[in-house]
Structure formats: C-alpha cells, structure tokens
Amino acid sequence: MGFPSPANDYVEHTLTVNDLCQVDANCLTIQTSTGYAVVNHSIKPKQQDLVLISFCGRSQFARVMGRALITDDGEALEGDALDDVTVAGVVTFLINRASRAAVDELPVI
C-alpha cells in the first residue's frame, strides 16, 4: 500500500473553460454571433454591468445605465418599457472565436 507520493502536491491539473470562467450551477453559457457569453443569474446587476435580457420575446444584451437599459443597438429601455423586460443574469465573460482573429483589427482591448 504505502503512502501517497509527495510529488502529487506539485502536479498541475489541465485548465478548462469552466475553471477559467468560474462556470458553476448559477451560470449559463450561450452562443453568440461572435463566440460565447457566460451569464451568471445569481449576481445582482449594478451600474455599467452587461446583462442578458428578454424583451418582446427576444433575448439580447443590454447595459445598465442609471434607471435604463441600453441595448446593443442603442435603444434605451426605461420607464414603463421596463415592465416587459426580464433580466436573465449578468454577463461575466465573453469568449470570442479565434477564427475571427484574422479579420479583427483589435483582437485584444
């Protein structure tokens, strides 16, 4: 039988997307036109956060700005329009496809 090898303390495990992006039971990974988005539905949205919303039967991304949500097409959802909005969660990570690197002028910002 013996004892466990002390070398096991220095063995590195393989990195996965789940480890890097802290994907857990509270997260949802969705495919976007440019890659993937990791959405955590247990985090309360705060100012400047990017959130996934459902509005008029369509899922889209929006940024929290004051008492309004600014969608990715520039539309401001505020006031009574927010009654029809459901916030699915806060976007914690955006994962872009590497194949777009050849056409992306600014791959790292």
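**Figure 1. Secondary structure of the predicted model, with one helix and seven strands.** From the N terminus onwards, the order of elements is α-β-β-β-β-β-β-β. The protein comprises 109 residues, of which 25% are buried. Among its contacts with a separation of 6 or more, 48% involve residues 24 or more positions apart. The exposed area of the protein is about 8300 Å², and carbon and sulfur atoms supply 55% of that area.

**Figure 2. Close-up of Thr71 in strand 5.** The strand spans residues 68-71. Thr71 has a relative accessibility of 4%, and it therefore counts as buried, the cut-off being under 20%. Beyond the neighbours within four places in sequence, Thr71 is in contact with Ile53, Gln60, Phe61, Ala62 and Leu77.

**Figure 3. Close-up of the side chains of Thr71 and Asp73.** A polar contact joins these two side chains, at a distance of 2.3 Å. The residue Thr71 belongs to strand 5.

**Figure 4. Close-up of Gly66 in the loop between strand 4 and strand 5.** Strand 4 covers residues 58-65. Gly66 counts as partly exposed because its relative accessibility is 44%, a value between the limits of 20% and 50%. In sequence, Gly66 and Gln47 are separated by 19 residues, while their C-alpha atoms are 6.6 Å apart in space.

Methods: Residues are numbered from 1 along each chain as its sequence is written. This is a predicted model: local features need pLDDT of at least 70, side-chain atom pairs count only at pLDDT 80 or more; totals for chains, interfaces and linings use all residues. Side-chain values use heavy atoms; hydrogens and water are left out. Helices (H or I, at least four residues) and strands (E, at least two) are DSSP runs, numbered from the N terminus. Buried means under 20% relative accessible area, exposed over 50%, partly exposed in between (1.4 Å probe, protein chains only). A polar contact is a pair of N or O atoms within 3.5 Å; within protein, one must be able to donate a hydrogen and the other to accept it, and residues adjacent in sequence count only if both atoms are side-chain atoms. Contact means heavy atoms within 4.5 Å. Accessible areas come from the Shrake-Rupley method with a 1.4 Å probe; for residues, only the protein chains shown count as cover.
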